[in-house]
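Here are my notes on this one, in the order I'd look at things. Have the model open while you read.

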Amino acid sequence: MKKKTALVLAAALLVSLFAGCTKNGGTEPTGTPTNAPEEKISINIAALKGPTALGMLKIMNDADAGTAANNYSFTVAGTADEITAGIIKGDIPLAAVPCNLASVLYNKSQGGVTMLGINTLGVLYIVETGDTIQSVADLKGKTIYSTGKGTTPEYTLNRLLQSAGIDPEKDVTIEFKSEATEVAAILADAKDAVAMLPQPYVTTVLNNNEKARIALNVTKEWEALNEGSTVVTGVVVANTKFLNEHPEAVEAFMNEYAVSTAYTVENVEEAAALAEKFDIFKAAVAKQAIPYCNIVFIEGDEMQSKAGAYLQVLYEQNPTSVGGALPEESFYFKR
């Protein structure tokens, strides 16, 4: 009897020990972890060759090293036409594009594109070869050379002038050129010329023309004249179907993007080297231009407020510039 009792107690002790191990973090007999990491997925990402791609540099480098949250394949396109169809179809689930193009794609696809965040504020500057422009008011009576007729640079300049009480059609002469290099050539030959140019062309002009100087930061002047509003150049978008099907992957990307934009701003020399590595800008130009490119990552309510106000300005000047209608609430992703 004593022998039988001892066997029962021993069995009970073994069961107790096994249960204790399982409760304290061991695996079940199958050996399957209770919190296994989700498998990486492959995602095509696109950006345009210019300032809107600069916030992605660290993610691009991490993807090259195989340390990114997912398996990213990047395309740096020369023009928007190269990537717009892919964004709508879902072949390119994530992309960095101009703010107004995001609205155009949203309308064209009937909600098939969603804005995740703002990645670039204003990159436009007033440059002159004299020393007469100290404020927007000083532009009255001047001839201003620029690129971008019928696009956002024209609408941005018009609104900036109007905010200062200057009629773009009567009080100034705006001469549009097809290429920034044409504007740069005018600045090189003239003693007292005024132009509006985006980065990195501003940096190129300053490097090649000792007479040129940055007279006005269009973004800062805009903000001073339009309380609560700013210039929004670039945004990050997602194909809406992909976003709904892979919310964890998009969440991981957004977290990486926030870190990546901060890296570009805080590590200019290293970021400039990556800009050349990925054929966005030459390192020497990028090193000088990055501090003037307003690289950010703004999401949520602030994103909607800033982007919505800027799109409203564009819509008022030319509805087709935003796709014929302002985007609905669903356009702005909130996590």
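1. Start with β5 (residues 124-128) and β8 (residues 194-198), which pair in the antiparallel sense over five bridges. Pairing here takes at least two DSSP bridges between two strands. Across this pair, L124 faces P198 in β8. Strands are DSSP E runs of at least two residues, helices are H or I runs of at least four, and both are numbered from the N terminus.

2. A word on the source: this is a predicted model, with local features needing pLDDT of at least 70 and side-chain atom pairs counting only at pLDDT 80 or more, while totals for chains, interfaces and linings use all residues. Residues are numbered from 1 along each chain as its sequence is written, and side-chain values use heavy atoms, leaving out hydrogens and water.

3. The wider sheet is open and has five strands, ordered β7-β6-β8-β5-β9 with mixed pairing. At its edges sit β7 and β9 (213-217), each paired on one side only. On average, neighbouring strands are turned by 30° against each other, direction ignored. Axes are lines fitted to C-alpha atoms, for helices over the stretch in contact, and angles run from 0 to 180 degrees between N-to-C directions.

4. Now the helices. α5 lies across β5, β6 (143-146), β7 and β8, and runs at about 170° to β7. α7 (residues 201-208) also packs on the sheet, where it touches β5, β8 and β9, and its direction makes about 130° with that of β8. Contact means heavy atoms within 4.5 Å.

5. Which residues lie nearest the centre of the largest pocket? They are L48, P98, T152, P153 and P198, out of 37 lining residues. α4 (99-108), α5 (152-163) and β10 (232-239) each give two or more residues to that lining, and α5 gives the most, with four. By class the lining has 19 nonpolar, 16 polar and two charged residues (Ala, Val, Leu, Ile, Met, Phe, Trp, Tyr, Cys and Pro count as nonpolar, Asp, Glu, Lys and Arg as charged, the others, Gly among them, as polar).

6. The volume of the largest pocket is about 1,100 Å³; for the second largest, the figure is about 170 Å³. A pocket is an open set of points on a 1 Å grid over the protein atoms alone, where a 1.4 Å probe fits, with protein on both sides within 12 Å along at least five of seven lines; lining residues have an atom within 4 Å of a point. Points are joined across faces, edges and corners, and the volume is the space filled by probe spheres set on them.

7. The second largest pocket has K149, E154, D167 and Q317 among its lining residues. α5 and β7 (173-176) each supply two or more. The lining divides into four nonpolar, four polar and four charged residues.
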